[in-house]
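Open the model in your viewer and keep the sequence panel visible. The stops below each give a selection and then what is found there.

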Amino acid sequence: MTAVPPRPSAVRLYQSQPLRFLVVGGFNTILCYAVYALLVSAGLLFWVANLIALLFGIGISFFTQGRIVFGNKDPRRIYRFAALWLCIYLIQTGLIALLVRASIDPRVAGLIVLPGTVIVSYLIQKLIVFRPAATRVSEDGA
């Protein structure tokens with residue numbers, strides 16, 4: 001009987017869906033936040049900057065999250081994905097508005113709401129957007 005060699009740590013880490021989500025999502029978030037911060041710094045209202053960053057993020061994140069994190073290449077799921085992010089946008093923008101009213105810089109407010117956005121995004125993508133299709137059982141049970 002031959003022993004199976006242990007897997008390298010990097011392979012085991014890559015198999016962790018939450019870790020892949022954090023790495024890919026972190027990259028996407030950095031890009032989207034950079035767009036948001038640059039637009040706010042350029043003088044755009046925070047909600048306009050957040051909307052533009054959202055649209056940019058949907059374009060990038062749908063493919064990276066779907067393929068790399070959830071192993072799903074179905075382009076029809078873009079509608080669910082966009083609906084998810086529209087809801088998150090509305091909630092996120094409302095929270096940023098509350099923080100801005102409390103005299104917090106919009107760029108800082110955007111950072112404050114990010115952790116909650118990450119958690120909600122992962123759960124909804126996993127449970128709704130990229131949920132694997134249920135396997136069908138034939139009528140004879142086979």
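Select residues 17-41, helix H2, together with residues 46-69, helix H3. This is a predicted model, and in it the axes of H2 and H3 come within 9 Å and cross at roughly 155 degrees. An angle over 145 degrees counts as roughly antiparallel, so H2 runs roughly antiparallel to H3. The crossing of H2 past H3 is right-handed. Colour the contact of H2 with H3 by residue class, and it shows 16 nonpolar, 8 polar and 1 charged residues.

Keep H3 and add helix H4, residues 78-101. H3 and H4 pack with their axes 10 Å apart, at an angle of about 150 degrees. H3 and H4 are therefore also roughly antiparallel to each other. Their crossing is right-handed.

Now zoom out to the whole protein chain. What does its secondary structure come to? The chain has 5 helices and 0 strands, and its pattern along the sequence reads α-α-α-α-α. Colour by accessibility next: of the 142 residues, 34% count as buried.

The next stop is the largest pocket. To find its centre, select Thr29, Cys32, Trp85, Leu114 and Thr117, which are the closest to that centre of the 27 residues in the lining. The volume of this pocket is about 470 Å³. Which helices supply at least two residues each to the lining? They are H2, H3, H4 and helix H5, residues 106-129. H2 gives the largest share, with 9 residues. By class, the lining of the largest pocket holds 14 nonpolar and 13 polar residues, and no charged ones.

Turn from the pocket to the enclosed space. A search of the whole structure finds 1 cavity of 30 Å³ or more. To display the surroundings of the largest cavity, select Phe62, Phe63, Gly66, Arg67, Asn72, Lys73, Asp74 and Phe130, the residues that line it. The volume of the largest cavity is about 40 Å³. Its lining divides into 3 nonpolar, 2 polar and 3 charged residues. Charged residues are thus present in the lining of the cavity, whereas the lining of the largest pocket has none.

Go next to Ser103, in the loop between H4 and H5. What is the sign of phi at Ser103, positive or negative? Phi of Ser103 is positive, near 70 degrees, and the residue is not a glycine. Most residues other than glycine have a negative phi. Show the surface at this point as well: Ser103 has a relative accessible area of 71%, and because the cut-off for exposed is over 50%, Ser103 counts as exposed.

Finish on helix H5 by selecting Ile119, which lies in that helix. Is Ile119 buried or exposed? Ile119 has a relative accessible area of 53%, so this residue is exposed. Add Leu22 to the selection and display the C-alpha atoms of the pair. Ile119 and Leu22 are 97 residues apart along the chain, and their C-alpha atoms are separated by 9.8 Å.

Definitions and conventions. Residues numbered from 1 in each chain as written. Predicted model: local features only at pLDDT ≥ 70, side-chain atom pairs only at ≥ 80, totals over all residues. Heavy atoms only, no water. Axes fitted to C-alpha atoms, helices over the stretch in contact; angles between N-to-C directions. Helix = DSSP H or I, 4+ residues; strand = E, 2+ residues; numbered from the N terminus. Parallel < 35°, antiparallel > 145°, perpendicular 65-115°, else oblique. Left-handed = near helix turned anticlockwise from the far one by under 90°. Nonpolar A, V, L, I, M, F, W, Y, C, P; charged D, E, K, R; others polar. 1 Å grid on protein atoms, 1.4 Å probe; cavity = no way out; pocket = protein on both sides within 12 Å on 5 of 7 lines; lining within 4 Å. Points joined across faces, edges and corners; volume = space filled by probe spheres on them. Buried < 20%, exposed > 50% of the residue type's maximum accessible area, 1.4 Å probe, protein only.
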